[in-house]
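Hello! Let us look at a protein together and ask how each label on it is earned.

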Amino acid sequence: MTDFLNTTVGTLLPDDRESIISVTSDQPVSAACEKMAENKVLSLPIYDMTKRRFTSFIDMLDIVSFCVSEITDKNVSDPSVIKLIDTSKFTTTPCSQIANSSKRDPFKPLDEKASVMKAMETIVHWNVHRLPIVDHEGELHTIFTQSHMISGIFKHLSKFGSFQYKSIAELKMKHEGIVSIPANDMAISAFHAMHSKRVSAVAVVDYTGTLVGNISASDWRLVGYDVNGADILTQSAESFLSTIAAHRRNSGPSPRDIVPSSRDLHGAAAVSELNTFNEVIHVMAQGHLHRIYVVDEKQKPTGVISLVEVLQTLLLQLSAKQSS
């Protein structure tokens, strides 16, 4: 485990500076949308044309916030609310203007010689999805994501000691501040909730409170920047989940195939508090998931475990081990 945590991030990932997919600060938001869709990515670094270097990120959360900022709790249930999404802004607003407008993805460069441990601490401290890895001159080397971290932990899991077999309840892993919407609400409600609550995904529950799925900021790619046919946003959240499932490609193995006691819900995964840290890592890494919901015996969500919760738990365990 120590070997992995002491590895420098620059040697862990290939030097991608020649192939980094990016946009410039003066390109319109529509260009970022197109590049994200074409390359199946959720974020792009922005090259500042004045400063002549990369200075920020634009991600799907920024685009969601950009699109739904005029929507309120009072008008979100009105189908005509879609008219508040001004499509002309996509081609006239530069990427730099909405960079990190969601306040969830600040640009926090990390030196390529920094350790994986330092990267993990930085991700948790700033609660960011990704870190720009730079060389001694500040030039962007590559981008280190939460998913890279989870993949690394998964590969070295056997070296992480007995704590990995502790349950979610024992480790107090879950975040209880779960954001959810009813399955019969319009899909636009999910994106409004992401913007207003500053979260990257919301749970969808049926009339009994049972978890039926998950809508995340990445699902805005189904809408893109051409909302002339925005009927997709006025359909129910449950119908939108079916649309997501129909468009999903290469989603990887089902969570149930990885951990039999887990559940697969329209691409979202659910586990109980009895599942272990080891099982959470297996489901996240092999299922390429950014979050797992924790449900009770009635399948009602009681919390969520994001990649940050996983890293926080690991840091706490490492700290406790050093103190003992």
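Q: Where do we start, and which residues cover the two faces of β12 in this predicted model?
A: On one side of β12 sit Arg291, Tyr293 and Val295, and on the other sit Ile292 and Val294; all of them are buried. In a regular strand, side chains alternate between the two faces of the sheet.

Q: What makes β12 a strand that is largely enclosed by the rest of the structure?
A: Buried means under 20% relative accessible area. In β12 (residues 291-295), 5 of the 5 residues meet that test, so the strand is largely enclosed.

Q: How do you know that β11 and β12 pair?
A: Two strands count as paired when there are at least two bridges between them. Strand β11 (residues 268-271) and β12 have 2 bridges, in the parallel sense, so they pass. Within this pair, alanine 270 stands opposite tyrosine 293. To get from β11 to β12 the chain passes through helix α14 (residues 277-287), in a right-handed β-α-β crossover.

Q: What makes β12 and β13 a pair, and in which sense do they run?
A: Here the count is 5 bridges between β12 and β13 (residues 301-306), set against a requirement of at least two, so they pair. These two strands run antiparallel. One of the partnerships joins valine 294 to glycine 303 in β13. The hairpin of β12 and β13 has 5 residues between the strands, and glutamine 299 there takes a positive phi near 65 degrees.

Q: Why are β1 and β3 called edge strands?
A: They belong to an open sheet of 3 strands in the order β1-β2-β3, with mixed pairing. β1 (23-24) and β3 (53-59) each have a single partner strand, so one side of each is left without a neighbour in the sheet.

Q: How do you know that β1 pairs with β2?
A: There are 2 bridges between β1 and β2 (residues 43-48), and at least two are needed, so the pair counts. Its strands run parallel, and threonine 24 stands opposite tyrosine 47 in β2. Helix α3 (residues 29-39) lies across β1, β2 and β3, at about 135 degrees to β2.

Q: What makes β4 and β6 the edge strands of their sheet?
A: This open sheet also has mixed pairing, and its 3 strands come in the order β4-β5-β6. β4 and β6 (140-145) each pair on one side only. Between β4 and β5 (residues 130-134) there are 2 bridges, and the strands run parallel. Aspartate 111 has valine 134 in β5 as its bridge partner.

Q: Why is serine 102 called buried?
A: Its relative accessibility is 5%, and buried means under 20%, so serine 102 qualifies. Serine 102 lies in the loop between α6 (95-98) and β4 (110-111). Apart from neighbours within four places in sequence, serine 102 is in contact with Asp59, Leu61, Asp62, Ser65 and Arg198.

Q: What makes lysine 103 exposed?
A: Exposed means over 50%. Lysine 103 has a relative accessible area of 53%, so it passes that cut-off. Lysine 103 is in the loop between α6 and β4, and it has a positive phi of about 65 degrees although it is not a glycine.

Q: How do you know that lysine 40 is exposed?
A: The relative accessible area of lysine 40 is 61%, and the cut-off is over 50%, so the label fits. Lysine 40 is found in the loop between α3 and β2. Its phi is near 55 degrees, a positive value in a residue other than glycine.

Q: What makes α4 mostly covered?
A: In helix α4 (residues 60-68), 9 of its 9 residues are buried. Among them are Met60, Leu61, Phe66 and Val68. The buried residues of α4 pack against α3, β3, α5 (89-92), α6 and α10 (188-197).

Q: How many cavities of 30 Å³ or more does a search of the whole structure find?
A: The search finds 1. The largest cavity has a volume of about 40 Å³. Its lining includes Phe66, Cys67, Leu84 and Phe90, with α4 and α5 each supplying at least two residues.

Q: Which residues lie nearest the centre of the second largest pocket?
A: They are Arg104, Val199, Ser200, Val304 and Ser306, out of 22 lining residues. About 440 Å³ of space lies in this pocket.

Technical notes:
Residues are numbered from 1 along each chain as its sequence is written. This is a predicted model: local features need pLDDT of at least 70, side-chain atom pairs count only at pLDDT 80 or more; totals for chains, interfaces and linings use all residues. Side-chain values use heavy atoms; hydrogens and water are left out. Helices (H or I, at least four residues) and strands (E, at least two) are DSSP runs, numbered from the N terminus. Buried means under 20% relative accessible area, exposed over 50%, partly exposed in between (1.4 Å probe, protein chains only). Contact means heavy atoms within 4.5 Å. A crossover is right-handed if, with the strands pointing away from the viewer, the path from the first strand over the helix to the second runs clockwise. Axes are lines fitted to C-alpha atoms, for helices over the stretch in contact, and angles run from 0 to 180 degrees between N-to-C directions. On a 1 Å grid over the protein atoms alone, a cavity is a set of points where a 1.4 Å probe fits but cannot get out, and a pocket is an open set with protein on both sides within 12 Å along at least five of seven lines; lining residues have an atom within 4 Å of a point. Grid points are joined across faces, edges and corners, and a volume is the space filled by probe spheres set on the points.
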